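Student: I am new to this structure and would like to go through it step by step. Could we begin at one end and work inward?

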Amino acid sequence: GSTDPMALYGGLLLRLCRSTSEKDALEEITPWLARDELIVLPLKRRHHTIAGKIGESKLAPPIDVELFVEMGDVHAKVTMTHEFGLFRKADLMSRGINEHRLIEWSKLLSKQKSLSSNQHKLLHDPAFTNMKPWIFLDVDVIERINFGRGTNVRFLNGVYLMKRTRGMCVKTSK
């Protein structure tokens, strides 16, 4: 089949939106990992940073995009890695993070609202700066798209890491 160039462009642009992909990943992993005493939060990266202060944060991992033609249809595979942490709520509150802010975070995830405002407030809280999670989580959001047929499939692949040391990871499961 033939693929409309604007549909291809728009479809890829939508799938390259880091904040949408990150929110989707959070919505999927939070019910599995977050409990009364635990919360999943993104690690602060440059895409969370307010313009003008970008030097304060690390770059997010690169987005991997594969484009190819198969049986006359244009296909794409987009892989986006998100870095999260599993934090103990007691540790966050002992550093001065307001419990109300943590409760609001959970409500935003469950109601499928935009995370941007609350996310920025929490990630820019001075108490959160340089805080290390209890467990590091690297989650890949992988989407395969067939633009000719208008179909797609999206799934997550997660790696749980107990600690990170100078760019090296110690894998503990999956």
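Tutor: Let us start with leucine 13, which counts as partly exposed at 48% relative accessibility. Leucine 13 lies in helix H1. Please keep in mind that this is a predicted model.

Student: Which residues make a nonpolar surface patch with Leu13?

Tutor: Met6 and Tyr9 join Leu13 in a nonpolar surface patch of about 360 Å². Met6 and Tyr9 are also among the exposed residues on the face of H1 turned away from its buried side, together with Pro5 and Leu14.

Student: And which residues of H1 are buried?

Tutor: In helix H1, which spans residues 5-15, the buried residues are Gly11, Leu12 and Arg15. Seen down the helix axis, the buried residues of H1 fall within an arc of 95°, so they line one face of the helix.

Student: Let me change topic to charges. How many salt bridges does a search of the whole structure find?

Tutor: The search finds six salt bridges. One of them joins lysine 23 to glutamate 27, with the closest N and O atoms 2.4 Å apart.

Student: Where do lysine 23 and glutamate 27 sit relative to each other in helix H2?

Tutor: They are four residues apart in helix H2, residues 18-33, and because of that spacing about one helical turn separates them. Lysine 23 is buried, with a relative accessible area of 15%.

Student: What does aspartate 24 pair with?

Tutor: Aspartate 24 forms a salt bridge with arginine 154, and the closest N and O atoms are 2.2 Å apart. Aspartate 24 belongs to helix H2 and arginine 154 to strand S5, residues 151-165, so this pair ties together parts that are 130 residues apart in sequence.

Student: Are those two residues buried or exposed?

Tutor: Each falls in the class between those two. Aspartate 24 is partly exposed, with a relative accessible area of 24%, and arginine 154 counts as partly exposed at 34%.

Student: Which glutamate forms a salt bridge with arginine 154?

Tutor: That is glutamate 143, and here the closest N and O atoms are 3.4 Å apart. Glutamate 143 lies in strand S4, residues 135-146, and arginine 154 in strand S5, so the pair ties together parts that are 11 residues apart in sequence. Glutamate 143 is buried, with a relative accessible area of 7%.

Student: Which residues end up in one network through shared partners?

Tutor: Arg15, Asp24, Glu143 and Arg154 are joined into one network by salt bridges that share partners. Arg15 was mentioned earlier as one of the buried residues of H1.

Student: Back to helix H2 for a moment. What does the side chain of threonine 30 come up against?

Tutor: A polar atom of the threonine 30 side chain lies 2.7 Å from the backbone oxygen of leucine 26. Threonine 30 is found in helix H2 and counts as buried at 17% relative accessibility.

Student: Now the strands, please. How many residues of strand S3 are buried?

Tutor: In strand S3, residues 73-88, 15 of the 16 residues are buried, so the strand is largely enclosed by the rest of the structure.

Student: In which sense do S3 and S4 pair, parallel or antiparallel?

Tutor: S3 and S4 pair in the antiparallel sense over 12 bridges. Within that pairing, histidine 75 stands opposite asparagine 146 in S4.

Student: What about S2 and S3?

Tutor: Strand S2, residues 64-70, pairs with S3 in the antiparallel sense over seven bridges. Glutamate 70 stands opposite aspartate 73 in S3, and valine 69 stands opposite valine 74.

Student: How many residues lie between S2 and S3 in their hairpin?

Tutor: There are two residues between them, and methionine 71 in the turn has a positive phi of about 50°.

Student: One more. Over how many bridges does S1 pair with S3?

Tutor: Strand S1, residues 38-42, pairs with S3 in the antiparallel sense over five bridges. The bridge partner of leucine 41 in S3 is glycine 85.

Notes
Residues numbered from 1 in each chain as written. Predicted model: local features only at pLDDT ≥ 70, side-chain atom pairs only at ≥ 80, totals over all residues. Heavy atoms only, no water. Salt bridge = Lys/Arg side-chain N within 4 Å of Asp/Glu carboxyl O. Buried < 20%, exposed > 50% of the residue type's maximum accessible area, 1.4 Å probe, protein only. Pairing = 2+ DSSP bridges. Arc of directions from axis to C-beta. Polar contact = N/O pair within 3.5 Å; in protein donor to acceptor, adjacent residues only side chain to side chain. Patch = residues over 30% accessible without salt bridge, like charges linked within 9 Å, V, L, I, M, F, W, Y side chains within 5 Å. Areas by Shrake-Rupley, 256 points an atom, 1.4 Å probe, with all protein chains shown as cover.
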